[in-house]
Each structure stands twice: as C-alpha cells, then as structure tokens.
Amino acid sequence: MRSPTARLSALALIAIAAPAAVVAVLGYLSLRQWQISAELLFREQARDVAVMAAQKVDMMLRHADDALVDRLQLQLAGGDDAGPALDRLVAESPLVRRLYLVAAGGRLRYPPAWRDAADAATFEPVIRALPATAWERVGKRLAVAGTPVCVVALRTARREPVVAAYSRDLEALRRDVLEASLAGLESPTIVAVLDAAGHPVYSRAPLDRAERVLVVGLGEALPEWRVAVYAPPGTAPRDAVRRQVMMFTSAFAVLLAVLTAGIGLCWRLVRRETEMARLKSDFVANVSHDLKTPLSVIRMFGETLELGRVPDEARRREYYRVITRESERLSRLIDNVLDFSRIEGGRRRYERVPTAVEPLVRDTLETFAYPLEQQGFKIEVRLAPDLPDVPMDADAIGQALANLIDNAVKYSGTERTIAVDARREGDRLALSVTDRGIGIPVAEHGRIFEKFYRVGRSETQGRRGSGVGLALVRHIVEAHGGAVTVQSAPGQGSRFTLWLPLGAA
C-alpha cells in the first residue's frame with residue numbers, strides 16, 4: 001500500500017506535469033500557426049521583390065532596345081546604311097553581340113553573308129520563320145521564343161522595308177542591365193535571374209544551400225527568362241520556426257528539469273521530515289522505556305528495603321549500591337537528553353581542563369558495575385602507563401565514554417567481553433571501547449552518528465535505544481578538536497575510538 005507521502009508526491013507531479021504538457025501542446029500549435037502565417041507573408045514579400053526586380057530589368061532592357069532601334073532607324077532613314085557605319089553602331093552598343101539586316105524575301109543586306117556557322121544556325125531559322133507581314137510592322141520589336149534573337153521592322157531612305165535581327169551580349173547584359181538594376185535592391189532575400197534552361201545568369205549572392213521561394217516571368221524583353229527569389233540558409237520561416245521550436249523545447253526541458261528537481265527535493269524533504277517525525281516518536285518511546293527501567297529497579301529495591309525484608313546488613317548495602325548505580329544510570333540518560341537539547345539549541349559549552357585519563361575510565365566503568373555483573377560481562381582495561389593529563393571536559397568525555405560502553409552492553413552477542421584501552425599515538429590520545437557483539441555493516445558507518453538514526457536490522461531494532469548516544473559522542477569529541485572512528489563488521493564486533501588532542505586547553 002502506498003504511503004501518504006508517495007501519493008502526495010504523485011499528485012504533485014501530475015498537478016505540475018499536466019499543465020506543463022498543455023502549455024507545450026499550445027506552444028507547439030502556436031508556433032505551427034505562426035510558421036504558416038510567416039510563410040504566407042514571406043512569400044508575398046518575396047513576390048513583391050521579384051515583380052519589382054523583373055519590372056526594373058525589363059524597363060532597362062526595353063530602354064536599351066529602344067535606344068538601339070532609334071539610332072538604327074535614324075541611320076537607315078538618313079541613307080547611312082553602309083557596312084562601316086553599321087559596324088560603328090554595333091561597336092557603340094555593348095548590349096548587341098550580332099546585328100543582321102534582312103531584306104524582303106530573306107536576302108541578307110548587312111552583312112552580305114553569315115559571319116560564322118553558329119550565327120547561321122541561330123539567325124537563319126528565325127528569318128525563314130518570319131511571316132510576310134513582318135516587314136510591314138515598322139518599329140515593332142519581337143523576341144522570338146526559344147532563341148536569343150530579337151527582330152524589328154525598319155524603313156530605309158528609299159522606303160524599302162528591312163528587318164533588323166540582333167542578339168544580345170550576355171556579359172554586357174549581366175553587367176549593364178542585371179547588375180545595375182538588381183544590385184541596389186534592399187531585401188534579405190537573394191534575387192537571381194535564370195535563363196530559359198533555368199541556369200542562373202546573375203544572382204546578388206551565392207546560391208549555395210539557398211532555398212528557392214518563388215519564380216516570376218522577367219517580361220516581354222526576355223520572355224523565357226525568369227526572376228527567382230531565394231531565401232539564404234537559415235532565413236526561411238521554417239528555419240526560424242525550427243529555431244524557435246528548439247529554443248522552446250530547450251526552455252521547456254529546462255523548466256521540466258527544474259520542476260522535476262523541485263519535486264524531487266520536496267519529496268525528499270517531506271520524506272525526511274516524515275522520517276524525522278517517526279524517529280522522534282521512536283526517540284520519545286525509547287527514552288521513556290530507558291527511563292522506566294532504572295526507575296523500576298530503584299522502586300523495587302527501595303520498597304524491599306522499606307518493608308524490612310532484607311535483615312542482612314551486607315545485602316542492604318548491596319541494595320543501596322544498586323539504587324545508587326541505577327540512579328547514576330538514570331542521571332546519565334537524562335543528561336543525554338538534556339545535552340542533546342542544548343546541542344540542538346546551540347547552548348552546550350565545554351570547560352576543558354587537564355584531566356587524568358585513568359580515574360576517568362575507572363569511574364565511568366564503576367557506574368556500570370551492577371549491570372555488567374548481572375549480565376556476566378568480562379571487562380578488560382588496558383591503560384598505557386605514560387598517559388599525560390589531557391585537556392578535556394571530564395563530565396562530557398565521561399558521558400561519551402559511558403555511551404560507548406552502554407552500546408557495547410546493548411549490542412553484545414553471546415561472547416560478553418568488553419575492552420577499554422587508552423594509549424598515546426603521536427600528539428593524540430586514543431580511547432577505545434571494543435566489544436565482540438553483532439557488529440555494524442560498513443555501509444552504515446557514516447550514518448550511525450546521525451541523530452535518531454539506528455542501524456536498520458532486526459537484531460538492533462529489537463534493542464531499546466534513544467538514537468542520540470553516538471550523535472552526542474561525535475559532537476562532544478569534535479567540540480574538543482578530536483574525532484571518533486569506528487571499525488566494525490557484521491558478526492565481528494565493533495571498536496569505537498575517541499581521538500583527543502594532547503595540546504594545551
């Protein structure tokens with residue numbers, strides 16, 4: 001069955017994840033709608049740019065054609081139609097690559113023959129395909145589909161009709177018309193002019209990896225050519241949307257990570273607080289039991305003495321000693337609780353004065369004489385003979401030592417032996433308590449000094465304890481500038497060592 005904490009965490013996760021999912025879906029749909037709208041607007045803007053570019057090119061080209069035709073008409077009308085004069089006209093017209101004058105019937109008038117085989121292959125089919133009425137349409141220019149040839153009907157000085165057929169110079173067209181008309185366009189897109197085969201003739205920028213947006217016709221001057229608009233890499237609406245989606249996804253992922261981390265931290269905090277509340281409840285129950293045990297012994301022996309049921313003086317003295325020892329044990333338990341409260345409130349203070357180690361150890365063991373005797377413990381005391389006085393708070397260190405001995409008594413197994421030894425190691429005193437009890441798993445060594453923590457095994461949980469004894473030990477020793485260490489393994493007993501500095505107080 002799930003705990004309330006787990007159910008609360010699951011509900012919190014759903015309460016956060018569901019709105020986050022709704023926000024993600026709405027954000028994605030909004031981005032998709034924005035992409036559609038942006039693409040429509042982008043295409044409209046690109047079409048406007050393409051139409052404007054086509055109009056500019058067509059206007060410049062028609063203007064150049066008009067100037068050529070006007071000069072040619074004036075020259076023919078004035079009778080200046082000799083070869084040298086027409087040669088000068090062609091040389092002065094950079095857009096004209098070849099010029100031929102054809103009289104009615106298809107006879108070449110200028111020059112008298114085709115300049116080369118390529119011109120013959122280009123111009124001759126056009127001339128032959130002209131209708132008989134073409135010579136009568138004076139001044140009417142015609143761009144012949146599928147060829148680079150333009151024709152226009154003119155009149156000579158003798159009113160003889162001729163047709164001027166000319167082709168354009170591609171380099172001059174690119175330089176003088178396309179670049180001149182398109183280089184100044186202000187647009188984030190790339191405008192290019194494509195020939196009849198779809199090959200780029202001119203572009204404002206390299207077309208590598210650029211995406212074609214749309215194509216429009218160039219105009220009557222070049223009917224089979226096109227103006228194309230390209231989006232540079234990364235500027236198309238879908239690319240912008242893709243970046244927005246990536247940014248949104250990254251931000252959403254970070255948000256989810258933060259929310260998940262927050263939920264995890266809250267869950268850990270709630271679980272820790274719940275565990276702490278349980279441990280505190282166990283602490284109260286265990287302390288109550290630990291206090292009740294010596295009180296019961298004191299009451300039992302006191303009532304026995306009060307009723308006069310112990311006539312023997314020696315036994316009465318023994319009972320008095322038991323009452324005294326149990327009172328000291330009771331005082332020690334109360335001191336543990338009070339000291340723990342002072343430590344939690346930051347009010348615990350220690351008075352360090354040079355203290356002899358041996359009397360401290362003997363006095364502490366004396367307080368356990370009765371329970372050790374009753375439970376059949378064998379005590380081994382090994383104190384180095386050259387121990388100096390150590391600066392310490394004797395009551396606090398005695399309390400720490402008593403807590404270690406008490407734990408050794410509680411968690412001893414069938415072999416009831418406890419060893420207490422003190423020795424000097426460098427500039428520190430090593431005061432150790434060793435038992436041959438149930439031991440502690442290595443994984444638990446770092447946690448046994450936490451307040452309220454108890455090793456989670458059945459053989460330890462069955463023994464009463466407050467869970468603050470080792471926490472007090474660590475606090476006391478660290479307040480003296482020392483440390484406490486543990487060596488233990490399951491079934492091999494435990495060895496706790498207090499390391500106290502020998503320096504001046």
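**Exercise 1. Ser-187**

Task: In this predicted model, determine where Ser-187 is found, whether Ser-187 counts as buried or exposed, and which residues Ser-187 is in contact with once neighbours within four places in sequence are left aside.

Solution: Begin with the secondary structure, where Ser-187 falls in the loop that runs between helix H4 (170–182) and strand S6 (190–194). Next take the relative accessibility, which is 18% for Ser-187, and since buried means under 20%, Ser-187 counts as buried. Then, leaving aside neighbours within four places in sequence, list the contacts of Ser-187, which are Val-49 and Arg-204. Finally, examine the pair with Val-49: the two residues are 138 residues apart in sequence, yet their C-alpha atoms are 7.6 Å apart in space.

**Exercise 2. Ser-488**

Task: Establish which strand holds Ser-488, and which polar partners the side chain of Ser-488 reaches.

Solution: The element is strand S15, which spans residues 483–488 and includes Ser-488. The relative accessibility of Ser-488 is 11%, so this residue counts as buried. Turning to the side chain of Ser-488, one partner is the backbone nitrogen of Ile-440, reached at 2.7 Å, and another is the side chain of Ser-494, with which there is a polar contact at 2.7 Å. When neighbours within four places in sequence are set aside, the contacts of Ser-488 include both Ile-440 and Ser-494, together with Gly-439, Val-442, His-445 and Gly-493.

**Exercise 3. An aromatic pair**

Task: State how many aromatic pairs the structure holds, and work out why the rings of Trp-114 and Phe-123 are classed as they are.

Solution: The structure holds 4 aromatic pairs. For Trp-114 and Phe-123 the ring centres are 6.4 Å apart and the planes stand at 25°, so the pair is stacked, given that planes under 30 degrees apart count as stacked. As for accessibility, Trp-114 counts as partly exposed at 24%, whereas Phe-123 counts as buried at 1%. Ring pairs also bring in Tyr-100, which is linked with Trp-114 and Phe-123 into a cluster.

**Exercise 4. Two packed helices**

Task: Describe how helix H7 and helix H9 pack, giving the angle, the distance of their axes and the residues that meet.

Solution: Helix H7 covers residues 357–366 and helix H9 covers residues 394–410, and the two pack at an angle of about 50° with their axes 10 Å apart. H7 and H9 are therefore oblique to each other, and their crossing is right-handed. From H7 the residues involved are Leu-360, Val-361, Thr-364 and Leu-365, which meet Ala-394, Ile-397, Gly-398, Leu-401, Ala-402 and Ile-405 in H9.

Terms used:
Residues are numbered from 1 along each chain as its sequence is written. This is a predicted model: local features need pLDDT of at least 70, side-chain atom pairs count only at pLDDT 80 or more; totals for chains, interfaces and linings use all residues. Side-chain values use heavy atoms; hydrogens and water are left out. Buried means under 20% relative accessible area, exposed over 50%, partly exposed in between (1.4 Å probe, protein chains only). A polar contact is a pair of N or O atoms within 3.5 Å; within protein, one must be able to donate a hydrogen and the other to accept it, and residues adjacent in sequence count only if both atoms are side-chain atoms. Contact means heavy atoms within 4.5 Å. Rings of Phe, Tyr and Trp (its six-membered ring) pair if their centres lie within 6.5 Å; planes under 30 degrees apart count as stacked, over 60 as edge-to-face and the rest as tilted. Axes are lines fitted to C-alpha atoms, for helices over the stretch in contact, and angles run from 0 to 180 degrees between N-to-C directions. Angles under 35 degrees count as roughly parallel, over 145 as roughly antiparallel, 65 to 115 as roughly perpendicular and the rest as oblique. A crossing is left-handed if the near helix is turned anticlockwise from the far one by less than a right angle, and right-handed if clockwise.
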